[in-house]
Amino acid sequence: MNSIGPECNDLKKEYDACFNVWYSESFLKGQYKADPCSELLKSYRSCVLKAIKERNIDLSDIEANIIGTEKEKQPPSEK
């Protein structure tokens, strides 16, 4: 799967590859401390946030408290 912005695809592939190696060769073997992918994640996250901003994507809906309210029972609004 590609990233939200084509300019972030290479960073995503690098991070995914790093994470998959760390997960399978360290995390699943009980080695939780070292995270060799943190700098790649920071770079990728920064690129994604920039792409979201440039595309004027509103993320306010993901921050809203809906569970347990009447809005939870409503179908999503059409934008």
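Let me start with Asp16, which at 28% relative accessibility counts as partly exposed, and I should say straight away that what we are looking at is a predicted model. Asp16 forms a salt bridge with Lys12, and the closest N and O atoms of that pair are 2.6 Å apart. The two residues are 4 apart in helix H1, so about one helical turn separates Asp16 from Lys12. Lys12 itself has a relative accessible area of 16%, and because buried means under 20%, Lys12 is classed as buried.

That pair belongs to a longer list, since a search of the whole structure finds 5 salt bridges, and I will take you through two others. In helix H2, which runs over residues 38-54, Glu39 forms a salt bridge with Lys42, with 3.4 Å between the closest N and O atoms. Here the spacing is 3 residues within helix H2, so Glu39 and Lys42 are again separated by about one helical turn. Lys42, with a relative accessible area of 53%, is exposed. Further along the chain, the side chains of Glu70 and Lys73 meet in a salt bridge, at 3.5 Å from N to O. For this pair I can give you both partners: Glu70 is exposed, with a relative accessible area of 55%, and Lys73 also counts as exposed, at 62% relative accessibility.

Let me turn now to the surface and to the loop between H1 and H2. Which residues form a nonpolar patch on the surface? They are Phe19, Tyr23, Phe27, Leu28 and Tyr32, and together they have about 490 Å² of accessible area. One member of that patch, Leu28, lies in the loop between helix H1, residues 9-25, and helix H2, residues 38-54. Leu28 is at 56% relative accessibility, and because exposed means over 50%, Leu28 counts as exposed. Lys33 has its place in the loop between H1 and H2 as well, and with a relative accessible area of 84%, Lys33 is exposed.

If you follow Lys33 back to Asp10, you cross 23 residues in sequence, and the distance in space from C-alpha to C-alpha is 26 Å. Asp10 lies in helix H1 and, at 56% relative accessibility, counts as exposed. From Asp10 we can also look towards Ser77, which is 67 residues away in sequence and 34 Å away in space, again C-alpha to C-alpha. In the segment before H1 we find Met1, which counts as exposed at 91% relative accessibility. Met1 and Ile67 are 66 residues apart in sequence, with 29 Å between their C-alpha atoms.

The next point concerns the backbone, in the loop between H2 and helix H3, residues 60-63, where Asn56 has its place. Most residues other than glycine have a negative phi. Asn56, although it is not a glycine, has a positive phi of about 50°. Asn56 also counts as exposed, at 69% relative accessibility.

I will finish with the largest pocket, which holds about 220 Å³ of space. Which of the 10 residues that line the largest pocket are the closest to its centre? They are Ile66, Lys71, Pro75, Pro76 and Ser77, and Ser77 is the residue that I paired with Asp10 a moment ago, at 34 Å. Taken by chemical class, the lining of the largest pocket divides into 4 nonpolar, 2 polar and 4 charged residues.

To draw this together, I would ask you to keep three places in view as we look at the predicted model: the buried Lys12, which forms a salt bridge with Asp16; the loop between H1 and H2, where Leu28 lies and where Lys33 has its place; and the largest pocket, with Ile66, Lys71, Pro75, Pro76 and Ser77 closest to its centre.

Methods: Residues are numbered from 1 along each chain as its sequence is written. This is a predicted model: local features need pLDDT of at least 70, side-chain atom pairs count only at pLDDT 80 or more; totals for chains, interfaces and linings use all residues. Side-chain values use heavy atoms; hydrogens and water are left out. Patches are made of residues with over 30% relative accessible area and no salt bridge: like charges are joined within 9 Å, nonpolar side chains (Val, Leu, Ile, Met, Phe, Trp, Tyr) within 5 Å. Accessible areas come from the Shrake-Rupley method with a 1.4 Å probe; for residues, only the protein chains shown count as cover. A salt bridge is a side-chain nitrogen of Lys or Arg within 4 Å of a carboxyl oxygen of Asp or Glu. Buried means under 20% relative accessible area, exposed over 50%, partly exposed in between (1.4 Å probe, protein chains only). On a 1 Å grid over the protein atoms alone, a cavity is a set of points where a 1.4 Å probe fits but cannot get out, and a pocket is an open set with protein on both sides within 12 Å along at least five of seven lines; lining residues have an atom within 4 Å of a point. Grid points are joined across faces, edges and corners, and a volume is the space filled by probe spheres set on the points. Ala, Val, Leu, Ile, Met, Phe, Trp, Tyr, Cys and Pro count as nonpolar, Asp, Glu, Lys and Arg as charged, and the others, Gly among them, as polar.
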